[in-house]
Amino acid sequence: MEDFFLIELGEDEYSHQLEYEEMVIEYCIDVLDIPEEKIECVNILDNQYIELTLQNLQKEDVIEDWYVNLHKISR
């Protein structure tokens, strides 16, 4: 089960205002619907990508909408 994702930021205004780790975590929770307890760490690369590492993944998570969508939008 994959726990590392590289996500390209969109063209929306909110994506381009991510300056701090806390802001990126909020983006992952609010926009991408990732449960906070599943987020291990985040990094922003060149203001274009989010590096996301998940933790405590269970078999059931792979069928959750947020996980399926994460696979669709990640590189």
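Reader: Is L70 buried or exposed?
Author: This is a predicted model, and in it L70 is found in helix α2. Its relative accessibility comes out at 2%. The cut-off for that label is under 20% relative accessible area, so at 2% L70 counts as buried.

Reader: Which residues does L70 touch, not counting residues up to four places away in sequence?
Author: Let's start with F5, which is 65 residues away from L70 in sequence. In space, the two C-alpha atoms are 7.8 Å apart. Leaving out residues up to four places away in sequence, the list of residues that L70 touches is F5, I7, I34, L52 and L54.

Reader: F5 again! How are the rings of F5 and Y67 arranged, and why?
Author: A pair of aromatic rings is described by the distance of the centres and the angle of the planes. For F5 and Y67, the centres are 5.8 Å apart and the planes sit at 85°. Planes over 60 degrees apart get their own label, so this pair is edge-to-face.

Reader: How many residues apart are F5 and Y67?
Author: F5 belongs to strand β1, which covers residues 4–8. Y67 belongs to helix α2, covering residues 65–73. The pair links distant parts of the chain, and the separation is 62 residues.

Reader: Are F5 and Y67 buried or exposed?
Author: Take Y67 as the worked case: its relative accessible area is 3%. That is under the 20% cut-off, and F5 gets the label as well, so both F5 and Y67 are buried.

Reader: At what angle are the planes of the W66 and Y67 rings?
Author: This is part of a search of the whole structure that finds two aromatic pairs. The centres of the W66 and Y67 rings are 5.7 Å apart. The pair is edge-to-face because the planes are at 90°.

Reader: Which residues form one aromatic cluster?
Author: Y67 pairs with F5, and Y67 also pairs with W66. W66 is buried too, with a relative accessible area of 9%. Put together, the members of the cluster are F5, W66 and Y67.

Reader: On to the other helix. How do the buried residues of α1 fall when seen down its axis?
Author: Helix α1 spans residues 21–30, and its buried residues are V24, Y27 and C28. An α-helix has 3.6 residues a turn, so residues three or four places apart point the same way. Seen down the axis of α1, the buried residues line one face of the helix, because they fall within an arc of 95°.

Reader: Which strands do the buried residues of α1 pack against?
Author: The helix has two sides to think about. The face turned away from the buried side carries the exposed residues E22 and D30. The buried residues of α1, in contrast, pack against β2 (39–45) and β3 (49–54).

Reader: Which residues does T53 touch, not counting residues up to four places away in sequence?
Author: T53 is found in strand β3. With a relative accessible area of 16%, T53 is buried. Skipping residues up to four places away in sequence, T53 touches D3, F4, K38, I39, E40 and C41.

Reader: K38 has a charge, right? What does K38 form a salt bridge with?
Author: Side chains of opposite charge can pair when their charged atoms come close. K38 lies in the loop between α1 and β2, and its partner lies in the loop between β3 and α2, so the pair ties together parts that are 23 residues apart in sequence. K38 counts as buried at 10% relative accessibility, and its partner is buried as well, at 9%. The closest N and O atoms are 2.9 Å apart, and the partner is D61.

Reader: How many residues apart in sequence are R75 and E8?
Author: The side chains of R75 and E8 meet in a salt bridge at 3.1 Å, N to O. R75 is exposed at 61%, while E8 counts as partly exposed at 43%. R75 lies in the segment after α2 and E8 in strand β1, so the parts tied together are separated in sequence by 67 residues.

Reader: What is phi of D46 near?
Author: D46 is found in the loop between β2 and β3. At 68% relative accessibility, D46 counts as exposed. Its phi is a positive value in a residue other than glycine, near 50°.

Notes: Residues are numbered from 1 along each chain as its sequence is written. This is a predicted model: local features need pLDDT of at least 70, side-chain atom pairs count only at pLDDT 80 or more; totals for chains, interfaces and linings use all residues. Side-chain values use heavy atoms; hydrogens and water are left out. Rings of Phe, Tyr and Trp (its six-membered ring) pair if their centres lie within 6.5 Å; planes under 30 degrees apart count as stacked, over 60 as edge-to-face and the rest as tilted. Helices (H or I, at least four residues) and strands (E, at least two) are DSSP runs, numbered from the N terminus. Buried means under 20% relative accessible area, exposed over 50%, partly exposed in between (1.4 Å probe, protein chains only). The arc is that of the directions from the helix axis to the C-beta atoms. Contact means heavy atoms within 4.5 Å. A salt bridge is a side-chain nitrogen of Lys or Arg within 4 Å of a carboxyl oxygen of Asp or Glu.
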